[in-house]
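Trainee: Got a minute to walk through this model with me? I'd like to take it piece by piece.

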Amino acid sequence: MEFERPELFDFHGVSMTHYMTDNWEKVQNFKALPDDILVATYPKAGTTWMSYILDLLYFKQKDKEREKSVAIFDRVPFLEFITPGFPTGLETVESLTTRPRLIKTHLPIQFVPKSFWDNNCRMVYVARNAKDNAVSYYHFDRMNMVQPEPKDWNSFLDRFMEGKMVFGSWYDHVTGWWDKKQTYPNLLYMFYEDMVQDTGRELERLCSFLGLSTSLEERERIRGGVQFDAMKANPMANYSTDPVMDFKVSPFMRKGKVGDWKSHFTVAQNESFDEHYKMKMKNTTLTFKTTI
Ligand code: PPS
């Protein structure tokens, strides 16, 4: 099947593509259940990693078949996604028979459907430092045929700084969710860098937020299964079964590192990025590690 790269357009003040907005009304009217768990991220911040961790925490013991034959994007559907040739994200959510439903979104805070708030649903947000996030997004847009054409790295980085990316500005996204966390206790805000640095500790934090009592042994088993190399080799987790992705250009599970930005940013790009970053992030208490 041939896929068409979309154009970006302004959607209520956020850059989007029609693959993320064509189902808008239905997405906005989505009826969340009180035990639904929303996995929210800016694209390329660790969504798949968190999704897979949650899936193993809830279903590994109960459903061995799922582990072998159901891809992560069918276990944790992408709520707003709508692309010809696929069931919509919403249809996939509605076909889930297991509980709790784990639901993925990249929506900025102001676009989250109201019923998630009305039902006081639990949400896990994962944030990743801007530089690695931009690099990962660039390679993703190169290999994903339903994303806008990324062109060259330099112009992509300029566009990232301007917030002209699918799902808008990284700066607005991470700070918007951070601000929400201050008043909504059912939101756990996690960092990709912390997960890389100490996956076991972050797993424990996650379990405590979810009220799951897992043994150390069980958490260790999960930790082993969600390591980068294990997920990269796992066809149910590595997106190799998704036809919109061209693995000849780049794998989905690319490097999984903190600090890969150093092999992409020139000295000049780094300086202007840092200056712009300071200005954009001057009013927030949110901070990131760019190396560990
Ligand atoms: S998407 O398309 O928005 O859902 O992508 P997302 O899953 O958010 O991000 C993909 C990046 O996360 C890395 N990744 C991991 N890193 C470390 N450990 C594990 N287990 C892991 N799983 C996914 C993946 O490699 C992408 O980052 P880059 O830097 O491109 O390698």
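Mentor: Sure. One term before we start: a residue counts as buried when its relative accessible area is under 20%. Also keep in mind that this is a predicted model.

Trainee: Okay, let's start with the sheet. In what order do its four strands run?

Mentor: The sheet is open and its pairing is parallel. The edge strands are β4 (102-105) and β6 (187-191), each of which pairs on one side only. From one strand to the next, the twist averages 20 degrees. Reading across, the order is β4-β3-β5-β6.

Trainee: And which residue in β6 stands opposite V126?

Mentor: Strand β5 covers residues 122-127 and runs parallel to β6, with five bridges joining the two. V126 has its opposite number in β6, and that residue is M190.

Trainee: How many residues of β6 are buried?

Mentor: Take the two faces separately. L187, Y189 and F191 are buried on one side, and L188 and M190 are buried on the other. So β6 is largely enclosed by the rest of the structure, and the count is five of the five residues.

Trainee: Which helix lies across β3, β5 and β6?

Mentor: Two helices come up here, so let's separate them. Helix α3 (residues 47-59) packs on the sheet and touches β3 (37-41), β4, β5 and β6, with its direction at about 160 degrees to that of β3. The other one covers residues 170-181 and runs at about 135 degrees to β6. The helix lying across β3, β5 and β6 is α10.

Trainee: Now the aromatics. Is the pair of F191 and F288 stacked or edge-to-face?

Mentor: A search of the whole structure turns up 37 aromatic pairs. For F191 and F288, the ring centres are 5.4 Å apart and the planes sit at 80 degrees. Planes over 60 degrees apart count as edge-to-face, so this pair is edge-to-face.

Trainee: How far apart in sequence are the parts that this pair ties together?

Mentor: F191 is buried, at a relative accessible area of 14%, and F288 is buried as well, at 17%. F191 belongs to strand β6, while F288 is in the segment after α15, so the pair ties together parts separated in sequence by 97 residues.

Trainee: Moving to helix packing, are α9 and α15 roughly parallel or roughly antiparallel?

Mentor: Helix α9 (residues 153-162) packs with helix α15 (residues 267-280), their axes 11 Å apart and at an angle of about 5 degrees. W153, N154, L157, F160 and M161 of α9 meet Q269, S272, F273 and H276 of α15. Those contact residues divide into five nonpolar, four polar and no charged. Angles under 35 degrees count as roughly parallel, so α9 and α15 are roughly parallel.

Trainee: Last one: how far apart in space are V146 and T83, C-alpha to C-alpha?

Mentor: V146 lies in the loop between α8 (130-143) and α9, and it is buried, with a relative accessible area of 2%. Not counting residues up to four places away in sequence, V146 touches F3, E4, P6, Y19, F81, T83 and V244. V146 and T83 are 63 residues apart in sequence, and in space, C-alpha to C-alpha, they are apart by 8.2 Å.

Key:
Residues numbered from 1 in each chain as written. Predicted model: local features only at pLDDT ≥ 70, side-chain atom pairs only at ≥ 80, totals over all residues. Heavy atoms only, no water. Axes fitted to C-alpha atoms, helices over the stretch in contact; angles between N-to-C directions. Parallel < 35°, antiparallel > 145°, perpendicular 65-115°, else oblique. Contact = heavy atoms within 4.5 Å. Nonpolar A, V, L, I, M, F, W, Y, C, P; charged D, E, K, R; others polar. Pairing = 2+ DSSP bridges. Phe/Tyr/Trp six-rings, centres within 6.5 Å; stacked < 30°, edge-to-face > 60°. Buried < 20%, exposed > 50% of the residue type's maximum accessible area, 1.4 Å probe, protein only.
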